[in-house]
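Subject: Structure for you to look at

Dear colleague,

I am passing on to you the structure that follows, and below it you will find notes on what turned up when I went through it. Please read them with the model open beside you.

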Amino acid sequence: MAGVVAGEEAAFGHTPVMVDEVLRMLRPRSGGVFLDATIGGGGHALRLLQASRAVRLIGLDLDPEAIEAAERRLRPVGDRVELIRANFRKVSDPGFARRLGVLAGALMDLGVSSHQIDTTARGFSFREGTPLLMRMDSTAGARHARRSAAGLLNSMTERELGRVFREGEERRWRALSREVVRRRKIRPFSTSDDLVAALTAALGRHARPKEKARLFQAVRIAVNDELGALTEGLAGIRRCLGAGGRLAVLSYHSLEDRVVKRVFRGWAKECVCPPGLPECRCRGRPLGRAVARRPLRPSEDEVVRNPRARSARLRVWENAA
């Protein structure tokens, strides 16, 4: 990509997914202010900025390493970029929304980056010996101990753990929550090995990689309140979109995609009043439309080039004119 020095992309491990589809849906050639709500290494952002000199971009990310990587990558077009270290749920705050202004389009690329997964010290992986951290905000230290995977596993009640595992689609959630509570009485959880051992005990056999990935994903989502943040962020960003503005959301698992699909459906309804009211007292009109009924998926060629794109789903919302 233009403006990227050799090795820079590899340093952050960020390969943007479905770039051509995102550009086609967001239509940046018309210019305007665009929000990249999860800027990561800046791959999508750079392509949006390259589409037209009339594009100005605001990039958000909670991870300071992502902000630094994006700043390096976008340096050649830095006069049209503003980077802010913040979670996209911050957009639901009216004061922050006023700072963004009226948006022509926005992108949310959900989940964790390859860089975060591959960096052992960040604690997202189930590789042996990985610390149980999983915080999107890499600056959160000891005073935020509960806001780590280990803190969550060592402090939540059995019922709370069960909810985390069940919402993460773990079928053996009851047995697993009991096993976590039993094991932490003997020794607190601290590394990936501890959680994998609890899962193995709950299953009664060695856990498969897919089962480990699903469990670690569930814990990561809970540590960062990702689904709560997503719901708030979607609502805040839609309110910032101008007439005909579009929001593109890339998700990588069914939990995220389900939230996006539900929210888009709610926005598309004419009436959202509770059943039984004698007359409509809500907005009485749809807020816009989902651009396609079904999510767009990556091409076979892209999956070959970037296997981590395999699970990507792209849903697009267009605000009413």
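**A buried histidine and its surroundings**

Histidine 44 counts as buried, because its relative accessibility is 4%, where buried means under 20% relative accessible area, exposed means over 50%, and partly exposed lies in between (1.4 Å probe, protein chains only). Before going further, please note that this is a predicted model, in which local features need pLDDT of at least 70 and side-chain atom pairs count only at pLDDT 80 or more, while totals for chains, interfaces and linings use all residues. Residues are numbered from 1 along each chain as its sequence is written, and side-chain values use heavy atoms, with hydrogens and water left out.

Histidine 44 is part of helix α3, which covers residues 43–51; helices (H or I, at least four residues) and strands (E, at least two) are DSSP runs, numbered from the N terminus. A polar atom of the histidine 44 side chain lies 2.7 Å from the backbone oxygen of valine 17.

Methionine 18 is found in the loop between α1 (8–12) and α2 (19–26), and although methionine 18 is not a glycine, it has a positive phi of about 50 degrees. Methionine 18 counts as buried, at 0% relative accessibility. Leucine 57, in strand β2 (residues 55–61), is also buried, with a relative accessible area of 0%. Leucine 57 and leucine 35 are 22 residues apart in sequence, and their C-alpha atoms are 5.8 Å apart in space.

**Salt bridges**

How many salt bridges does a search of the whole structure find? The search finds 16, a salt bridge being a side-chain nitrogen of Lys or Arg within 4 Å of a carboxyl oxygen of Asp or Glu. Three of them are described here, beginning with one inside a helix.

Arginine 183 and glutamate 179 form a salt bridge through their side chains, with an N to O distance of 2.7 Å. Both residues lie in helix α9 (residues 173–186), four residues apart, which is about one turn of the helix. Arginine 183 counts as partly exposed, at 26% relative accessibility, whereas glutamate 179 is buried, with a relative accessible area of 13%.

Another salt bridge joins the side chains of arginine 246 and glutamate 318, at 2.8 Å from N to O. This pair links distant parts of the chain, since arginine 246 is in strand β5 (residues 241–251) and glutamate 318 is in strand β7 (residues 313–319), 72 residues apart. Arginine 246 counts as buried, at 8% relative accessibility, and glutamate 318 counts as buried too, at 16%.

The third involves arginine 315 and aspartate 257, whose closest N and O atoms are 2.7 Å apart. Arginine 315 lies in strand β7 and aspartate 257 in helix α13 (residues 254–268), so this salt bridge ties together parts of the chain that are 58 residues apart in sequence. Both partners are on the buried side of the cut-off: arginine 315 has a relative accessible area of 10%, and aspartate 257 has one of 8%.

Which residues are joined into one network by salt bridges that share partners? They are Arg27, Arg246, Arg289 and Glu318. Within that network, arginine 27 sits in the loop between α2 and β1 (32–36), where it has a positive phi of about 55 degrees although it is not a glycine. Arginine 27 counts as partly exposed, at 41% relative accessibility.

**A positive patch on the surface**

Arg159, Arg163, Arg166, Arg172, Arg174 and Arg178 gather in a patch of positive charge on the surface. Such patches are made of residues with over 30% relative accessible area and no salt bridge, like charges being joined within 9 Å and nonpolar side chains (Val, Leu, Ile, Met, Phe, Trp, Tyr) within 5 Å. Lys and Arg count as positive and Asp and Glu as negative, while His and the chain ends are not counted.

The elements that give two or more residues to the positive patch are α8 (158–167) and α9, and α8 gives the most, with three residues. Arginine 172 has its place in the loop between α8 and α9, and at 42% relative accessibility it counts as partly exposed.

With best wishes

Key: Areas by Shrake-Rupley, 256 points an atom, 1.4 Å probe, with all protein chains shown as cover. Charge placed at Lys NZ, Arg CZ, Asp CG, Glu CD. Polar contact = N/O pair within 3.5 Å; in protein donor to acceptor, adjacent residues only side chain to side chain.
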